[in-house]
Amino acid sequence: MERNEDGLVRVGILGCGNVGSALVGLLDTNADLITRRSGVRIEVARVAVQNLTKERDVELAAGVLTNDAGSVVSAPDVDVIVEVIGGVEPARSLILTALKAGKPVVTANKELLANVGEELFEVAAASGVDLLFEASVAGGIPLIRPLRESLAGERISRVTGIVNGTTNYVLTRMTEERCSFAAAVAEAQELGYAERDPTADIDGFDAAAKAAIIASIAFGVRVVAGDVSREGITHITADDIAAASELGYVVKLLAVAEEYDGAVSVHVHPAMVPAGHPLASVRGSFNAVFIEGDAVGELMLYGRGAGGGPTASAVLGDLVDAAKNLVEGRKGATIGTLALKPILAIDDVESQFYLMMEVPDRPGVLHAISGVFAEHGVSIRSMQQRERGDDARLIFVTHKAKESDLRATVRALRDVEQVHRVGAVLRVMGEEE
Ligand SMILES: NC(=O)c1ccc[n+]([C@@H]2O[C@H](COP(=O)([O-])OP(=O)(O)OC[C@H]3O[C@@H](n4cnc5c(N)ncnc54)[C@H](OP(=O)(O)O)[C@@H]3O)[C@@H](O)[C@H]2O)c1
């Protein structure tokens, strides 16, 4: 390829916010290092933003900045595109145009991939160009490449991730400082970990998009964000966390993708993680992904899942890869064909459950409650009573039960006269001893 004979690759960057500006900074600071390690020189040819008058803390040569993203994609002096705008449109159309024009694309956009990823991968494959997306899941943590390349021959059974730093920060503060959910969210907002509208994080939407991408890569199966069963952390109280801690567990928001009997199940929900499990020690805004495979056993990747610098680091790794491939006239690993496998409804997934309920401490109450569990085929593993008198609290941990049976049990428990309130219902991570 004539334009790459001297190892020069010109990048067009769409978006210059948190990630885009950190990327421009890294490309400048680490220019020599990149060339020494990879043999390519990457030049920032164009950068597209929305608002040209906004002040930016990056230095760009005259004429590089534009508010016409389409012109960046079609520019003849742009060889590779980095998309760090976010959202589905115009990112999708811009990426499709770039791929069809034979330009490799690097993106950090989980929302886009979790919704229309398959369309993009098909066009990338048909055009024979790279579409790389390491930064879209768990920010700075290398996860996609290890899954696609290092573990390409591994039979993966389950991937369990703490993939949302905001919720992990909130739950960590509730655990360690015993503060309320609202106070922990307010603190996360002050520190810039949570958006002014934290819905995408605390209701699990962000983690669900990442879970869909993880499931697609780990199991080669077509999963979109809408296939992911999702539950956030808004109903978790400091009391639940304290009770979990007394039982030897830490509460975390988990994204779980697993495959059994030819079906895939993908869910995001808060869960009680045994205190000795490596995921229990992931504190604050850190992320980690725990992979279980037949030959590799257990593997955990840990680091910063967000932030301009860590995310730009992952984007840069992909960019160097794409640039190298371009110079060498080859294409990197593809994600292969995504199979259509059954997605197991959450109702059919089996877990152990934790349930808390408020009851008066009177004869017959326990009998009535255990009868409801038995009626629905849910067997009790342990029961503890806290406080006495009218405000007693009962804490149950069940043996493995089907989600649908558990939900039916909870509905029936709410109708038991002596049960004042059924509090949080949490899945308990791990196999039964
Ligand atoms: N931030 C993180 O920690 C993180 C972590 C992992 C993944 N990501 C992903 O990385 C991507 C970027 O995130 P970010 O935090 O950098 O977002 P951001 O700070 O909001 O930046 C978005 C950039 O896109 C530009 N933009 C918006 N609409 C545009 C358009 N129509 N044409 C051209 N430019 C446009 C904006 O321009 P103006 O500057 O003029 O407003 C801004 O520079 C998202 O997909 C996000 O999910 C982010």
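This is a short talk on the ligand site, the second largest pocket and a few backbone details of the structure shown above.

Please keep in mind throughout that this is a predicted model. I will start with the ligand, which is surrounded by 23 residues, and the closest of these are Cys16, Asn51, Lys54, Arg56 and Gly307. If we sort that shell by class, we find 11 nonpolar, 9 polar and 3 charged residues.

Which backbone atoms should we look at here? Three residues that follow one another in the numbering each place a backbone N or O atom by an oxygen atom of the ligand: for glycine 17 the distance is 3.1 Å, for asparagine 18 it is 3.0 Å, and for valine 19 it is 2.8 Å. As for how much of the ligand is covered, on its own it has 910 Å² of accessible area, and the protein covers 78% of that.

Let me turn now to the second largest pocket, which holds about 440 Å³ of space. Its lining is made of 23 residues, and those nearest the centre are Arg158, Glu258, Met429, Gly430 and Glu431. Several strands give two or more residues to this lining, namely β7 (156-162), β9 (249-260), β10 (263-274), β11 (286-293), β13 (350-359) and β17 (421-428). By class, the lining of this pocket has 9 nonpolar, 6 polar and 8 charged residues.

I would like to finish with the backbone, beginning with helix α12, which runs over residues 308-328. Does its length come out above, below or in agreement with what 1.5 Å a residue should give? The 21 residues should span 30 Å, and because the end C-alpha atoms are 30 Å apart, the two values agree. After α12 comes glycine 329, whose phi is positive, near 70°.

Most residues other than glycine have a negative phi, and most peptide bonds are trans. With that background, two places deserve a look. Aspartate 261, in the loop between β9 and β10, has a positive phi of about 50° although it is not a glycine. The peptide bond that joins glutamate 89 and proline 90 is cis, with omega about 10°, and proline 90 lies in the loop between β4 (80-83) and α4 (91-100).

Note on methods: Residues numbered from 1 in each chain as written. Predicted model: local features only at pLDDT ≥ 70, side-chain atom pairs only at ≥ 80, totals over all residues. Heavy atoms only, no water. Near = heavy atom within 4 Å. Polar contact = N/O pair within 3.5 Å; in protein donor to acceptor, adjacent residues only side chain to side chain. Areas by Shrake-Rupley, 256 points an atom, 1.4 Å probe, with all protein chains shown as cover. Nonpolar A, V, L, I, M, F, W, Y, C, P; charged D, E, K, R; others polar. 1 Å grid on protein atoms, 1.4 Å probe; cavity = no way out; pocket = protein on both sides within 12 Å on 5 of 7 lines; lining within 4 Å. Points joined across faces, edges and corners; volume = space filled by probe spheres on them. Helix = DSSP H or I, 4+ residues; strand = E, 2+ residues; numbered from the N terminus. Expected span 1.5 Å × (residues − 1).
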